[in-house]
Amino acid sequence: MQILIDTDSRKRRKAPGLFLLPGALLAPTLIIVFVVLLYPAACTIFFSLTDKTMADTTYSFIGLKNYSNLFSDPKFWMAFQHSIIFTLVAGSLNILLGFGTALLVNRAIPFRGLFRSLLLIPWVMPHIVTGLMFRWLYNDFYGYLNYLLIHAGLIEKPILFLVDRAFVWLAVILPTVWYEYPFVMLMFLAALQSISPDLYRAAKVDGANAFQQFLHITLPCLKQAFLLNGLLQIIFMFKSFNLVWILTQGGPGDRTELLSTLAYRHVFEGFSTGYGSAVATVIFLVLFAVSIVYLASPAIRSEEP
Amino acid sequence: MSELRLEHVSKRFGRNLVLDRVNLDIRDGELMVILGPSGCGKSTLLSIVAGIEDLDSGIICLNGQSIGHLPPRNRDMAMVFQNHALYPHMNVYENIAFGLRMHKVSAEEIRTRVNEVAVMLEIEHLLKRKPRQMSGGERQRVAMGRAIARHPQIFLLDEPLSSLDAQLRTQIRTEIKKLHAKLGITMVFVTHDQFEAMTLSDRIAIMDRGRIVQVGTPDEVYHHPMTTFVATFLGNPSMNLISARYDASTCSLHLAHDGGTVLPTKSTPPLPACLIGFRPEHVRLEEQGDLVLDGSVDVLEPTGSDAFALIDCHGLAVKARCSNGELSVGRRIRLAIASEHLHVFDAASGNRV
Ligand SMILES: Nc1ncnc2c1ncn2[C@@H]1O[C@H](COP(=O)(O)OP(=O)(O)OP(=O)(O)O)[C@@H](O)[C@H]1O
Ligand SMILES: [Mg+2]
């Protein structure tokens with residue numbers, strides 16, 4: 001009886017602690033999320049409804065004026081179009097290349113672990129390093145790429161990859177894929193490894209050849225991985241900024257202007273914080289809508305592989 | 001007609017010799033159980049027969065034709081896997097139909113065959129379900145259906161019951177036995193459960209560390225074990241083994257623990273060091289017998305109708321089966337074992353003498 005009462009009271013005393021401990025452990029994360037994510041995001045949305053500029057500390061609330069200006073601005077629509085094309089092209093390439101390499105390094109090849117690690121290097125590198133590296137690669141005078149092309153006899157004069165309107169998209173997408181596909185590879189590799197080897201054994205006994213095993217086991221089992229990688233690539237590529245800014249700053253002219261570079265230009269170069277914030281908010285809203293549609297779709301909600 | 005013969009089949013994984021010159025004849029229409037402790041190479045043997053693993057050396061023949069080099073597709077065998085291995089993204093119908101589709105069976109034929117096995121295994125109501133929407137027993141039944149629908153020459157089952165609870169196990173075991181009688185198909189059934197092996201099999205092949213140590217009917221392997229491994233692996237509790245020395249001049253065995261007890265024998269062990277084996281159920285509480293031991297009851301384990309007693313015979317622990325309530329702990333008793341229940345093994349090799 002004594003013991004019963006004792007445990008009872010201890011339980012009661014412990015109750016508030018049950019909420020306190022997780023709260024205390026979560027607090028730093030929550031504070032950081034709030035300070036670096038939620039607060040600036042809220043500010044951006046708020047500023048997009050004002051006429052704030054960088055130069056001025058006073059500003060007034062102007063409702064959706066920035067947005068109506070934006071939607072009648074051909075530059076905005078062009079950047080929007082660029083962002084969509086960039087997302088589709090770079091995202092698809094990332095997924096194709098990432099999936100392909102994942103299939104390769106998932107096989108029992110010699111030095112598999114070494115290959116896996118080496119392939120991850122581009123993804124580990126900071127964007128600034130990748131960007132500068134590719135600028136050197138593209139350089140008309142010192143660049144390795146022009147050197148190779150000229151020596152192979154394919155071209156006579158160096159190509160100005162970052163200036164030539166015909167090549168600049170290629171020059172931007174190449175390094176983007178170069179640093180992003182290893183991440184996709186990693187995701188697919190994890191998914192491939194989670195497929196039970198017994199399924200392949202069963203398929204073999206059922207008479208499936210290598211291609212049929214790929215078609216009827218591997219691909220269906222990776223459905224979730226494809227959906228998830230698709231969503232992540234849409235998000236990552238649509239808000240992609242660093243490399244484009246380091247390489248072209250949206251140029252030449254506005255040839256590679258994306259929504260992200262347009263927003264940056266307005267906030268930090270045109271000093272029109274309100275207008276730039278509206279562009280950033282559009283990026284956010286587009287991705288938010290895509291994510292909701294994606295995550296709510298029955299295909300990704302079902303738990304089956 | 002579907003006879004399977006393995007000759008000198010060996011398999012290594014790296015340095016590890018998993019199958020060591022395995023010889024096995026499986027007759028047409030037979031239910032052969034491969035029984036052995038975990039890790040002895042049973043699954044590997046089955047995979048090699050199915051063609052999922054390559055063999056390093058040896059011959060596999062189906063009806064006299066060597067099939068060791070054929071891909072699984074051309075071997076005409078179906079397999080039920082240890083963890084059922086149903087395709088998670090296909091429903092039951094598609095799971096059963098998959099092997100038939102791969103073998104280019106016509107759509108109409110597929111439909112009739114799937115329905116046929118669905119009726120046979122009583123899984124008609126499950127045909128639209130995905131594997132994760134079914135219980136373990138239902139999945140196991142579907143896995144069997146997938147194999148049966150193929151109408152294979154040989155049916156391979158790798159511990160199909162190990163993931164089920166005791167009740168379901170008994171039920172599906174009976175179903176397998178019925179199915180075997182009905183289809184008359186050659187089956188190879190792998191298990192580490194001796195009870196399963198005894199109840200199901202026409203013949204049992206007992207494996208130990210990559211070798212087949214004895215093949216025979218359940219009665220043969222139980223009552224006439226060829227090695228101490230078989231003797232102790234079968235039976236629960238396992239056979240008593242006591243050391244003895246063979247005296248060639250008197251043709252008798254002297255028990256090692258007291259040296260006094262003498263047992264005349266007709267067998268002639270190659271070396272003096274022997275082991276005498278007898279099963280707990282053959283120990284009688286009698287004054288007279290061929291082998292007589294005195295001791296006192298150490299431990300009693302009632303199991304319902306009977307009890308197992310651990311009896312201390314001057315330092316020698318002997319397991320005996322008695323009826324419940326017959327003995328009490330500490331009681332001094334005399335044990336007798338008839339000579340027809342005694343097995344003599346060579347102590348060094350473990351082989352029956
Ligand atoms: N792919 C493999 N690579 C290396 N070793 C393996 C491989 N597969 C099995 N082995 C080894 O071969 C031995 C036999 O394995 P196997 O799966 O045939 O045992 P088993 O008799 O089926 O055991 P269980 O009753 O636990 O299923 C084990 O020691 C195991 O470690
Ligand atoms: Mg096994």
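Tutor: A helix here is a DSSP run of H or I with at least four residues, numbered from the N terminus. Keep that handy, and remember that this is a predicted model.

Student: OK. How do you know that A:F134 and A:Y138 are separated by about one helical turn?

Tutor: Both sit in helix α5 of chain A, which covers residues 127–138, and they are 4 residues apart, so about one helical turn lies between them.

Student: Are those two buried or exposed?

Tutor: A:F134 and A:Y138 are both buried. That word needs a relative accessible area under 20%.

Student: How many aromatic pairs are there over all chains?

Tutor: The count comes to 28 over all chains. A:F134 and A:Y138 make a nice example: their ring centres are 5.8 Å apart and their planes meet at 55°.

Student: What makes that pair tilted?

Tutor: Ring centres must lie within 6.5 Å to pair, stacked planes are under 30 degrees apart and edge-to-face planes over 60. With 5.8 Å and 55°, the A:F134 and A:Y138 rings pair but fit neither of those labels, so the pair is tilted.

Student: Which residues do ring pairs link into a cluster?

Tutor: That cluster holds A:F71, A:F76, A:W77, A:F80 and A:F238.

Student: What makes the charged end of A:K52 count as sitting over the ring of A:F47?

Tutor: The distance part of the test asks for 6 Å or less to the ring centre, and there is an angle test too. The charged end of A:K52 is 5.3 Å from the centre of the A:F47 ring, and it does sit over that ring. In chain B, B:R279 lies over the face of B:Y222, at 3.9 Å from the ring centre.

Student: On to ligand 1. How do you know that B:S38 makes a polar contact with it?

Tutor: The cut-off for a pair of N or O atoms is 3.5 Å. An N or O atom in the B:S38 side chain is 2.4 Å from an oxygen atom of ligand 1, so that passes. A side-chain N or O atom of B:Q82 is 3.0 Å from a ligand 1 oxygen atom, so that passes as well.

Student: How much of ligand 1 does the protein bury?

Tutor: It buries 60% of the 630 Å² that ligand 1 exposes when taken alone.

Student: Which elements give two or more residues to the shell around ligand 1?

Tutor: They are β2 (16–26) and α1 (42–50) of chain B, with α1(B) giving the largest share, 3 residues.

Definitions and conventions:
Residues are numbered from 1 along each chain as its sequence is written. Chains are lettered from A and ligands numbered from 1 in the order in which they are written. This is a predicted model: local features need pLDDT of at least 70, side-chain atom pairs count only at pLDDT 80 or more; totals for chains, interfaces and linings use all residues. Side-chain values use heavy atoms; hydrogens and water are left out. Rings of Phe, Tyr and Trp (its six-membered ring) pair if their centres lie within 6.5 Å; planes under 30 degrees apart count as stacked, over 60 as edge-to-face and the rest as tilted. Buried means under 20% relative accessible area, exposed over 50%, partly exposed in between (1.4 Å probe, protein chains only). A charge sits over a ring if NZ of Lys or CZ of Arg is within 6 Å of the ring centre and within 35 degrees of the ring normal. A polar contact is a pair of N or O atoms within 3.5 Å; within protein, one must be able to donate a hydrogen and the other to accept it, and residues adjacent in sequence count only if both atoms are side-chain atoms. Accessible areas come from the Shrake-Rupley method with a 1.4 Å probe; for residues, only the protein chains shown count as cover.
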